[in-house]
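User: Please take a close look at one part of this structure with me, namely the packing of helices, and then at a few single residues. I am in my first year, so please explain each term as you use it.

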Amino acid sequence: MGKRQGQEGKPKARRAQQRPAPEATVAPQQLTAPQAAVDLAGELPLLPLQSTVVFPGTLTSLQVWRDGALQLLAEYPADGTTVALVVQKDLESLDPGPEDLYQIGVAAKLVNRLNLPGNKVQVFLQGVARIKIERVTQAKPYFQAVVSPIVEPEPQGVRINALMGQTFARFEEMVNLSDRLPPELLNLLAINLEGPGRLADLIAYYLQFEVAEKQRILEAIDPQQRLELVMNLLNREIKLLQIQSDIEQKTSFDLEKSQREMYLRQQLEVIRRELGEEDPRGGDLRLIQERLAAVGLPEYAHKEADAELARLALLSPASSEYGVVRTYLEWLYELPWNQLSASTVDLAHARQVLDSEHEGLEQVKQRILEYLAVLKLKADLRGPILCLAGPPGVGKTSLGRSIARALGRQFVRLSVGGVRDEAEIRGHRRTYIGALPGRILQELRRAGTRNPVFMIDEVDKIGAGAQGDPAAALLEVLDLEQNRAF
């Protein structure tokens, strides 16, 4: 037997807070006490269940569509027929065998049936009592089995009464937490409360536990053990509901806070307009725009600055991205785009400076003068590069400072010894909070001119780490063909 309202198709095991209330609802007058087990011995027709468990004393609606189940209903047309309901072990199997059925099931009476389109039948079954499948006597065209009734003990005492009270209280807590369980269930459960086993069955029926979990409850013959199983499952579901409720409250609080801030900002803007006051952010935007216009950016940089300025106008000052964009724009107008040192190349003066500050080193000074001579003859020479090599203390850095003095330019020294991150050369991505350009651009900003004598010191001590190869990034700076777009 299969069903498409809780019976046909592939089963889906979900938590109580993720599934709607069961489609088979039970009114108070439909709940009856389980029938005496002594009337159920003998051979009964058997319906295998796919994705639901029927408990004694509950009314369940199933949709029958498999051929064997339809044949069973055809041969037992009268209402009131008693059938055995047993869950199959493989919930996805459409043609289970006798070995695929659990041994513990429920005897139920056919209360009513309704023919549906598509060769389906809606049946209403009233659970009667637990039974045990002794042996299957027929498998085709439908199952028949010899069953024996299960007599449940009737425990009494203070412990069982305390357990019942605690279980009912936990069920009440779950009803209050879940928006899928109607409060009327508490009254219904109180009216039909006749013992610990009955309480466990009704809670397991109403809550959407997994099929395997419900089957374990059905197989628990001892009412106290059954109630303890239900209690454990209730505790789990309540914890899940509490976690879900906590997440929803935090999400709702964050949403309400952001909406409140947006509303207050809108009100503040209206108040400022009414008072004739200026928005401080508008003043900042104008100041940045004026400074960008004053530095004389190239066309490509001007387009980028306009795009970032438009983004900044749309961002809230409280946003983390606002600070990143503003810092980027500040760097744009603080870089020396058009500031040049008024330098002249005078070879006699350069020779005098080199001789006055360095004794000896004739070959080195002669080579420097040759570079300066070429620079004087070819004024459009782009950044000649000199490599000074030697042990510490021989005058490499001081030679660079002398060249800057001879040309009348600013001197910038950058030590790359021990640098292991290529972002120190290239600059960090703006996705990082506190991102900065590379150290070369930082030194250019400090120099305040775009044509200083720039010395990169301790190149031989540059390192390599997990953050890339800084030597490769430095090569891009020094190579005349690559540094055009650096």
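Analyst: What follows starts with the whole chain, then turns to pairs of helices, and ends with single residues.

This is a predicted model, in which local features need pLDDT of at least 70 and side-chain atom pairs count only at pLDDT 80 or more, while totals for chains, interfaces and linings use all residues. Residues are numbered from 1 along each chain as its sequence is written, and side-chain values use heavy atoms, with hydrogens and water left out.

The protein chain contains 15 helices and eight strands, where helices (H or I, at least four residues) and strands (E, at least two) are DSSP runs numbered from the N terminus. Of its 486 residues, 40% are buried; buried means under 20% relative accessible area, exposed means over 50%, and partly exposed lies in between, using a 1.4 Å probe and protein chains only. If we take the contacts (heavy atoms within 4.5 Å) between residues at least 6 apart in sequence, 72% of them join residues at least 24 apart.

Now to the helices. Two packed helices are described by the angle between their axes and the distance between the axes. Axes are lines fitted to C-alpha atoms, for helices over the stretch in contact, and angles run from 0 to 180 degrees between N-to-C directions.

For helix H3 (residues 184-191) and H4, the axes come within 10 Å and cross at roughly 155°, and the two helices are therefore roughly antiparallel to each other. In these terms, angles under 35 degrees count as roughly parallel, over 145 as roughly antiparallel, 65 to 115 as roughly perpendicular, and the rest as oblique. The crossing of H3 and H4 is right-handed: a crossing has this name if the near helix is turned clockwise from the far one by less than a right angle, and is left-handed if it is turned anticlockwise. On the H3 side, Leu 185, Leu 188 and Leu 189 meet Leu 199, Leu 202, Ile 203 and Tyr 206 of H4. By class, this contact of H3 with H4 holds seven nonpolar, no polar and no charged residues. Here Ala, Val, Leu, Ile, Met, Phe, Trp, Tyr, Cys and Pro count as nonpolar, Asp, Glu, Lys and Arg as charged, and the others, Gly among them, as polar.

H4, which spans residues 196-206, also holds Arg 198. Why does Arg 198 count as buried? Arg 198 is buried because its relative accessible area is 7%. A polar atom of the Arg 198 side chain lies 3.4 Å from the backbone oxygen of Pro 56. This is a polar contact, that is, a pair of N or O atoms within 3.5 Å; within protein, one must be able to donate a hydrogen and the other to accept it, and residues adjacent in sequence count only if both atoms are side-chain atoms.

Helix H8 (residues 299-314) packs with helix H9 (residues 320-334) at an angle of about 150°, their axes being 10 Å apart, and H8 and H9 are therefore roughly antiparallel. Their crossing is left-handed. The residues of H8 that meet H9 include Glu 304, Glu 308 and Arg 311, and among those they face in H9 are Glu 321 and Arg 326. The contact of H8 with H9 has eight nonpolar, no polar and five charged residues.

A further pair is helix H10 (residues 347-357) and helix H12 (residues 396-407), which pack at about 150° with axes 9 Å apart and pass in a right-handed crossing. Here His 349, Ala 350, Val 353, Leu 354 and Glu 357 in H10 meet Ser 398, Leu 399, Ser 402, Arg 405 and Ala 406 in H12. The classes in this contact are five nonpolar, three polar and two charged residues.

Finally, consider residues outside these helices. Lys 109, in strand S4 (residues 104-116), is partly exposed because its relative accessible area is 28%, and its side chain makes a polar contact of 3.0 Å with that of Thr 82. Lys 109 is also 28 residues from Thr 81 in sequence, yet their C-alpha atoms are 5.4 Å apart. Thr 81 sits in the loop between helix H1 (67-75) and strand S3 (82-87) and is buried, with a relative accessible area of 15%.
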